[in-house]
Amino acid sequence: MKTEVLRYLKETDDYLSGQELCERLGVSRTAVWKVIRQLTAEGYKIEAVRNRGYRLGGSGDVFQQTELQSVIRTKTAGQNLVFLEEVDSTNNRAKQLAEAGAPDGTVVIARQQNAGKGRRGKTWKSPAKGGIWMSLLLRPVIAPDQASMLTLVAALAVAEGIEKTCGFSVRIKWPNDLVLNKKKICGILTEMSTEMECINHVVIGIGLNVNIKEFPDELNGVATSLYLETGKNFPRALLTAAILQAWETYYELFLQTRDLSDLLESYHQLLVNRDKEVRVLAPGGSYEGIARGITATGELLVEKKDGTMTEVLSGEVSVRGIYDFV
Ligand code: BTN
């Protein structure tokens, strides 16, 4: 009922009378009043005026289950939403839920992670204030070797969510880091469970630094947040909802072809490496070239000095001159 009350308040610019709320929800005035009191305790500014009713003054950066449920407008992604105050890693929890039978589209979000995981065994700083630490559980009917493309789809979705909610563009560093002013604001860690040639589940973990005010010394110059780059705080619930909405659109396009052919143009527009010099750190040694874009299956196209084109599947790409921390 809390979610519904919030939704009604959000849909109404003017006051919403207590009577109307009671009728819409089929509950007593006392019940409505109790919900209003709970919402106020959670941080909402709700004006209550005699003979007029209730009006929502603003949600600021309220980030919890009810707020998220009131703004998520997807068909599947996040419809089963698990919000935790603290967890080791949302990816770990999503995997546990997957094993227990949680449905496709389940989203796990935590206010704080005490053992957030980054790629290549690194830890991911996930303080209680200001981040979106979220994992999306999927059960796609695709081959295991197609799953790495999902990470690129997720990067696009995060970029679009930011653009829609915050009004500015961030760029993608292939394959799936998001950067703003040459520093990293978002990382994505995809984990998969397979059996024979089938996928049991995929977990896409997104760590987005939104309103984080400071980073430890070792990350200065490397990591940043939307707040640090703009001086503004952004509503994480709306941002999360916009990311999930964009995800759903892009994921549907991906599933139609099981590749990135319908997303190439959008991805290329955001690709920070495009037409830039890169150094490919491959297992067999490193080489340099110019990144020209990606293939429909997500490999980075690198034009070597001798004019030949290579397709980089995995390995580390560093971009000189533009991407300072690599
Ligand atoms: C990277 O190294 O760039 C990937 C970072 C991924 C961090 C996110 S935060 C939510 C999810 N849970 C985790 O433990 N990691 C991912």
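How many bridges join S7 to strand S8 (residues 183-195), and in which sense do the two run? Three bridges join them, and the strands run antiparallel. Two strands count as paired if DSSP finds at least two bridges between them. Helices (H or I, at least four residues) and strands (E, at least two) are DSSP runs, numbered from the N terminus.

This is a predicted model, in which local features need pLDDT of at least 70, side-chain atom pairs count only at pLDDT 80 or more, and totals for chains, interfaces and linings use all residues. Residues are numbered from 1 along each chain as its sequence is written, and side-chain values use heavy atoms, with hydrogens and water left out.

**Strands S6, S7 and S8**

S7 covers residues 177-180. Asp177 and Val179 point one way from S7, while Leu178 and Leu180 point the other way. All four are buried. Buried means under 20% relative accessible area, exposed over 50%, and partly exposed in between (1.4 Å probe, protein chains only).

S7 also pairs with strand S6 (residues 171-173), in the antiparallel sense and over three bridges. Val179 in S7 is the bridge partner of Arg171. Leu178 stands opposite Cys186 in S8.

Two hairpins link these strands. Three residues join S6 to S7. The loop between S6 and S7 holds Pro175. The peptide bond from Trp174 to Pro175 is cis, with omega near 0°. The hairpin of S7 and S8 has two residues between the strands, and Asn181 takes a positive phi near 50° there. Most residues other than glycine have a negative phi, and most peptide bonds are trans.

**Positive phi in two other loops**

Arg120 and Asp275 are listed below. Neither Arg120 nor Asp275 is a glycine.

| Residue | Phi | Loop | Relative accessible area |
|---|---|---|---|
| Arg120 | near 50° | between S4 (107-113) and S5 (131-138) | 58%, exposed |
| Asp275 | about 60° | between H9 (264-270) and S10 (277-282) | 47%, partly exposed |

**Helix H6**

H6 (residues 148-166) has 19 residues. From first C-alpha to last, H6 reaches 28 Å, close to the 27 Å expected at 1.5 Å a residue. The expected span is 1.5 Å times one less than the number of residues. Of the 19 residues of H6, 14 are buried, so the helix is largely enclosed by the rest of the structure. Gly167 follows H6, with a positive phi near 85°.

**Helices H1 and H3**

H1 (residues 2-11) and H3 (residues 29-41) pack at an angle of about 80°, with their axes 10 Å apart. That makes H1 roughly perpendicular to H3. H1 contributes Lys2, Val5, Leu6 and Leu9 to the contact, and H3 contributes Val35, Ile36, Gln38 and Leu39. By class, the contact has six nonpolar, one polar and one charged residues.

Some cut-offs apply here. Axes are lines fitted to C-alpha atoms, for helices over the stretch in contact, and angles run from 0 to 180 degrees between N-to-C directions. Angles of 65 to 115 degrees count as roughly perpendicular, under 35 as roughly parallel, over 145 as roughly antiparallel and the rest as oblique. Contact means heavy atoms within 4.5 Å. Ala, Val, Leu, Ile, Met, Phe, Trp, Tyr, Cys and Pro count as nonpolar, Asp, Glu, Lys and Arg as charged, and the others, Gly among them, as polar.

**Leu255**

Leu255 lies in helix H8 (residues 236-257). Leu255 counts as partly exposed, at 34% relative accessibility. Leu255 and Arg55 are 200 residues apart in sequence and 42 Å apart in space, C-alpha to C-alpha.
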